[in-house]
Amino acid sequence: MLAIEPVSLALGARVTGIDLSQDLSAQQWDTIRQAFHQHSVLVFPDQKITIEDQKRFCRQFGDLLVHQHLLPMTVDGHPECMRLHNDENNPPGLNTWHTDNSGWPNPPLGTVLYAKTTPSVGGDTLFSNMYLAYEALSPPMQEMLGQLTATHDAKKAFGADYPELGELLKKKSIEVDDRFGNGKAVQHPLVRTHPVTKKKSLYVSAPYITRIDGLSTTEGQAVLDFLYRHIETNEFIYRHQWHANDLLMWDNRCLQHYAVADYFPHERLMYRMNILEEEDGKWTTS
Ligand SMILES: O=C(O)CCC(=O)C(=O)O
Ligand SMILES: [Fe+2]
């Protein structure tokens, strides 16, 4: 029996009683989709699945991102599937709060990670609920932030080579998806409305944000410093302790996440896919 139980008061639910290597009914998919929108993170423990199964799962929610700019990090023959592999030769390093690819005009709606190898302890992933972060602010602060946008720049997160890499791929006739924005900085509202739940959430992403538009540098930095501390509030957070064969899906539109880099020199291997947001699913400020 398909069962969905919350994993914390902040966010997240565990989904049991289904096998993602098998075809699910339309009704089961509806239940999973609803649970995703309600809980923002879904944990499917103990799934013995292939890359094809993971892709099929993702496609229930949207098109898959082809990781053109990160092709060397993908699984051979599966440019949609990134390998996140860390061990004694490659220390972990994604340990900052962020939401994925916020430097793009239309960032992916969700990320799906499948745990192939996990350290016996450590390597947890934290998720912070940005609906709660928004709701916890006072009305005057909500009002002020609701009028503001921030500039997000993929070059800040990925380095100066980012647009050049796009150009290189074009020269090699590898199709470049315009949703990357080709390295141009973009502006996103600080408060966004989720296209499905219609709830407002805070949208900050420290590795990408370079400024709050319209504020002076010192004003913008003070507001960002406050917001970056605010999103770390423990009451907003679920900490996922991984086991091999966990499949986990999260909503980038209303969460931030942080991969704890505490397990060096042990091995951790994840297969990662991103689900693209439909163009008309773009969020609005109100
Ligand atoms: O490895 C993890 O737990 C998450 C890393 C991350 O930030 C991502 O996959 O987007
Ligand atoms: Fe991430």
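A residue counts as near a molecule or strand if one of its heavy atoms lies within 4 Å of it. The model is predicted, with local features needing pLDDT of at least 70 and side-chain atom pairs pLDDT 80 or more, while totals for chains, interfaces and linings use all residues. Residues are numbered from 1 along each chain as its sequence is written, and side-chain values use heavy atoms, without hydrogens and water.

**View 1. Protein donors of the iron ion (ligand 2).** His-98 (NE2), Asp-100 (OD) and His-257 (NE2) lie 2.1 Å from the iron ion; donors are N, O and S atoms within 2.8 Å of the metal (3.2 Å for Na, K and Ca), and the site may look incomplete because water is not among the atoms. Along the chain, the donor spacing is H-x1-D-x156-H. Asp-100 is in the loop between strands E5 (78-86) and E6 (110-117) and His-257 is in strand E15 (residues 255-259), so this pair ties together parts 157 residues apart in sequence; strands are DSSP runs of at least two residues, numbered from the N terminus. Asp-100 and His-257 are both buried (under 20% relative accessible area, 1.4 Å probe, protein chains only).

**View 2. The shell around ligand 1.** Residues around ligand 1 include Leu-84, Leu-94, Leu-113, Thr-125, Trp-250 and Ala-259, together with the iron donors His-98, Asp-100 and His-257. Strands E15 and E16 (268-275) each supply at least two residues of this shell.

**View 3. Polar contacts of ligand 1.** Polar contacts (pairs of N or O atoms within 3.5 Å) join oxygen atoms of ligand 1 to side-chain atoms of Asp-100 at 3.0 Å, Arg-268 at 2.7 Å and Arg-272 at 2.6 Å. Of the 290 Å² of accessible area that ligand 1 has on its own, the protein covers 97% (Shrake-Rupley method, 1.4 Å probe).

Key. Chains are lettered from A and ligands numbered from 1 in the order in which they are written. Helices (H or I, at least four residues) and strands (E, at least two) are DSSP runs, numbered from the N terminus. Buried means under 20% relative accessible area, exposed over 50%, partly exposed in between (1.4 Å probe, protein chains only). A polar contact is a pair of N or O atoms within 3.5 Å; within protein, one must be able to donate a hydrogen and the other to accept it, and residues adjacent in sequence count only if both atoms are side-chain atoms.
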